[in-house]
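Student: Please pick one small part of this model and take me through it closely. After that, I'd like to hear about the wider setting and a few odd spots in the backbone.

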Number of protein chains: 2
Amino acid sequence: MTMHSATLAIDETLRARRAAGEKVLHLGFGEAGLPVPDSVAQVLSAAAGRNGYGAVVGSREAREAAAGWFGRRGVETEPEQVLFAPGSKALLFALLATLPGDVVLPCPAWVSYAAQTALVGKKTISVPVPAEAGGVPDPELLEQALADARAAGANPGVLVVTVPDNPTGTIAREEHLRAVCEIAERHGLAVVCDEIYAEVCHFGKAPSALGYLPERTVVTSGLSKSMALGGWRIGFARVPSGPWGERLMGELVGVASEVWSSLAAPMQAAATYILQDPPEVLDHIDAARGLHATVAAAVYERFTAAGAVCRRPEAGFYLYPDFEPVRPVLAARGIDTGAGLAAALLEEHGVGVLAGEAFGDAVGGLRARVATSLLYGESEAERWEALRSDDPLRLPWIAASLEHLRGALAALTARG
Amino acid sequence: MTMHSATLAIDETLRARRAAGEKVLHLGFGEAGLPVPDSVAQVLSAAAGRNGYGAVVGSREAREAAAGWFGRRGVETEPEQVLFAPGSKALLFALLATLPGDVVLPCPAWVSYAAQTALVGKKTISVPVPAEAGGVPDPELLEQALADARAAGANPGVLVVTVPDNPTGTIAREEHLRAVCEIAERHGLAVVCDEIYAEVCHFGKAPSALGYLPERTVVTSGLSKSMALGGWRIGFARVPSGPWGERLMGELVGVASEVWSSLAAPMQAAATYILQDPPEVLDHIDAARGLHATVAAAVYERFTAAGAVCRRPEAGFYLYPDFEPVRPVLAARGIDTGAGLAAALLEEHGVGVLAGEAFGDAVGGLRARVATSLLYGESEAERWEALRSDDPLRLPWIAASLEHLRGALAALTARG
């Protein structure tokens, strides 16, 4: 197998170009782009002496903190239902390795689900998302897709949903999530509900598959997005109570024990602190949520002003614009694929985005994922200022980036 | 698949018994059992602000430090040949997933190689180690074993060697390592040389497969054993230079990017510091090496005094005693397997060891792996004192543990 996570690859490419002195707007990578609060850094420091391997599942303290965290969000949870890992990506890998059957994905979907599915030797069944919001297959299409997949020799066993969604930055409608869970139940599918963006809804609260199929839904989450701790690699999963969940937990622990052993002990201490919802952490996440919402909305306006259609961002820091309405203009410039669109934006306009095909979308679609979270600043000082600002769009570095983007999109889509 | 790394499982079991108030001697787990030096803890603290995902392979600084570390040990290495991960276990998994073909293992071998091989859907070809030392297949048996495996439909592609070895605590003889590398070359096998114990040889220096098959040997290592940082999960691999190694690196990065993304950034900072070989780190490793050697030798004496045969420990903190000479005595007590031996030691004598079958050894062999590194103390203060002591065997808690062991083994093997 030869591959490299497309999101991580574009991050490395864009950083290398910038290091070489190129002026590149980095809209390619979903790093939350915010600094570490002092209180959290202090917890890590204080835990430096923790060097024992510890339990594969995570420490008692960390599991209790996670159980309480879920409980305060309306999901009653025992510590025994929680499994920590070095990132939710590792947990998703273990789930796809463990849960029997082929894997149903929304299209577009986060890049790693399909790659992990291939890595464990299973098939992907990709079903387009509804027009309203991404992260779940369109329920109108799902039943037929399952029948077609079975007819083609696949054995669908797992449905992955992303609520809120990456790459579209939207939140699945409750009626759609309910409908796909009902179909999953009818077909005996397990549901993996990736909720890593649940704490960064721009308003309100995202639904969860736990509301519709609690006994067969595994939730994955982590601190990479809400707390911008991607580089700390803290992920956790919640497995259902009852015999199905207990058996699955045993199998997940088996994979975990043979692939990564445990989440680093000092990181478990940090997770224990954060998941207790101390006020300073909640304030930090609130401020981050506001910044994400404001900047994503501004970027949305730049894309729609240039003629793209786009779902309005509702969570996280992504957009998924579609340049179909300006296809003739782009075609005149030799652009007729998402990859061509991304290449032109990067090579001619210094704007780095990731083509839709990385997310399983059609090669010929003029779509790309746009991540907005690396606009907050280059330095830690700028990022703190953005986080604390009442009007972050007027900060010079953010305003300049938005102007760079506006100019790039105007040039790309100008007629004649 | 249902499994749970046997070493991690016994650690959890024994810790639970102790937490419940039982007096149990924990000889079941290869945790190095030593505290974190202040200078290393300070580096982690200072790196708490590093929260970006960073490159999958590891930071430039960490890769340069690792390259220098290998270079000072006589192995010229470019930073591009180094890949970091959350533990060398994850790297071994990625190697077994990536390198084509079935997997040849010494017998006994560390528990996770065979489990990982099964996880990636490959076959294990298990070949007994020589009498002199473990970690490599007996070269006299390897050629025939490969022929037999091919005849049985397997396709051997990878040879794993452990130098120095876990579970035997010994160092493969140079002539044996050379001979198995020559056979590997003749049969087109890649060699994975697990060198995680290379810094804890009790005397002298261990050979490496790099000395005999440099262009097809991948070395894995980490800081869990030499620096007792198992709970920090810092591993790294060195891939050969040249086209074969470059292609392999690309494939490993693919797996890494889809399973764990990267080693946590603060841990990379710690690795960068440690791998530069600062004097206080080298002194710490020296002291640890002396303690491991002294205690392992004392435990060796207890086992041989009770009638077991055992290879004399040469590295790390393990022994692999064989109670075959006292089989009649044990048989009279109903013990005729390694698991029976381990169960009797635990249930009747409060001594936790891991039966040989966990390491792929014969079920009926009266062998077990004995880890000595959790004898150094319960508290951080005791562990520091053990590390600094000129005569650690006279420290009351170590002396008491050795006496507990002596009494247990005497009772187990007493006639009539």
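**A small sheet, and what else is worth a look**

Tutor: Let's start with an open sheet in chain B: three strands in the order E9-E12-E11, with antiparallel pairing. E9 and E11 of chain B are its edge strands, each pairing on one side only. Before going on, remember that this is a predicted model, in which local features need pLDDT of at least 70 and side-chain atom pairs count only at pLDDT 80 or more, while totals for chains, interfaces and linings use all residues. Residues are numbered from 1 along each chain as its sequence is written, chains are lettered from A and ligands numbered from 1 in the order in which they are written, and side-chain values use heavy atoms, with hydrogens and water left out.

A bit of vocabulary: strands (E, at least two residues) and helices (H or I, at least four) are DSSP runs, numbered from the N terminus. Two strands pair if DSSP finds at least two bridges between them.

Now the middle of the sheet. E12 of chain B covers residues 368-371. On one side, E9 (residues 318-319) of chain B pairs with E12(B) in the antiparallel sense over two bridges, and B:Leu319 stands opposite B:Val370 there. On the other side of the pairing order, E11 (residues 354-355) of chain B is joined to E12(B) by two bridges, again antiparallel. In that pair, B:Leu354 sits opposite B:Arg369.

What about the faces of E12(B)? Both are covered: B:Ala368 and B:Val370 are buried on one side, B:Arg369 and B:Ala371 on the other. Buried here means under 20% relative accessible area, exposed over 50%, and partly exposed in between (1.4 Å probe, protein chains only).

Chain A has a strand E12 at 368-371 too, and A:Leu375 is in the loop that runs from there to helix H13 (380-388). That leucine is buried, at a relative accessible area of 5%. A contact is a pair with heavy atoms within 4.5 Å. Leaving aside neighbours within four places in sequence, A:Leu375 contacts A:Leu25, A:Leu27, A:Val295, A:Val299, A:Trp397, A:Ile398 and A:Ser401. There's a long-range link as well: the C-alpha atoms of A:Leu375 and A:Gly33 are 7.8 Å apart, though 342 residues separate them along the chain.

Another buried side chain to click on is A:His284, in helix H10 (residues 279-305) of chain A. Its relative accessible area is 7%. Not counting residues up to four places away in sequence, A:His284 touches A:Pro35, A:Pro37, A:Met227, A:Trp384 and A:Leu387.

Helix H4 (residues 88-98) of chain A goes further: 11 of its 11 residues are buried, so it is largely enclosed by the rest of the structure. A:Lys89 is among those buried residues, along with A:Phe93 and A:Thr98.

Next, the backbone oddities. In chain A, two residues that aren't glycine have a positive phi: A:Ala228, near 55 degrees, and A:Arg233, about 60 degrees. A:Ala228 lies in the loop between strand E7 (217-222) and strand E8 (235-238) of chain A, and A:Arg233 is in the loop between E7 and E8 of chain A as well. A:Ala228 is buried, with 5% relative accessible area, and A:Arg233 counts as buried at 4%.

Chain B offers some cis peptide bonds. The bond from B:Cys107 to B:Pro108 is cis, with omega near 5 degrees, and B:Pro108 is in the loop between strand E3 (102-107) and helix H5 (111-119) of chain B. The bond from B:Val163 to B:Pro164 is cis as well, with omega near -10 degrees; B:Pro164 belongs to the loop between strand E5 (156-162) and helix H7 (174-186) of chain B.

Finally, zoom out to chain A. It has 14 helices and 12 strands. The C-alpha atoms of chain A fill a box of roughly 65 × 55 × 40 Å along the principal axes. Of its 416 residues, 65% are buried. Taking contacts between residues at least 6 apart in sequence, 72% join residues at least 24 apart.
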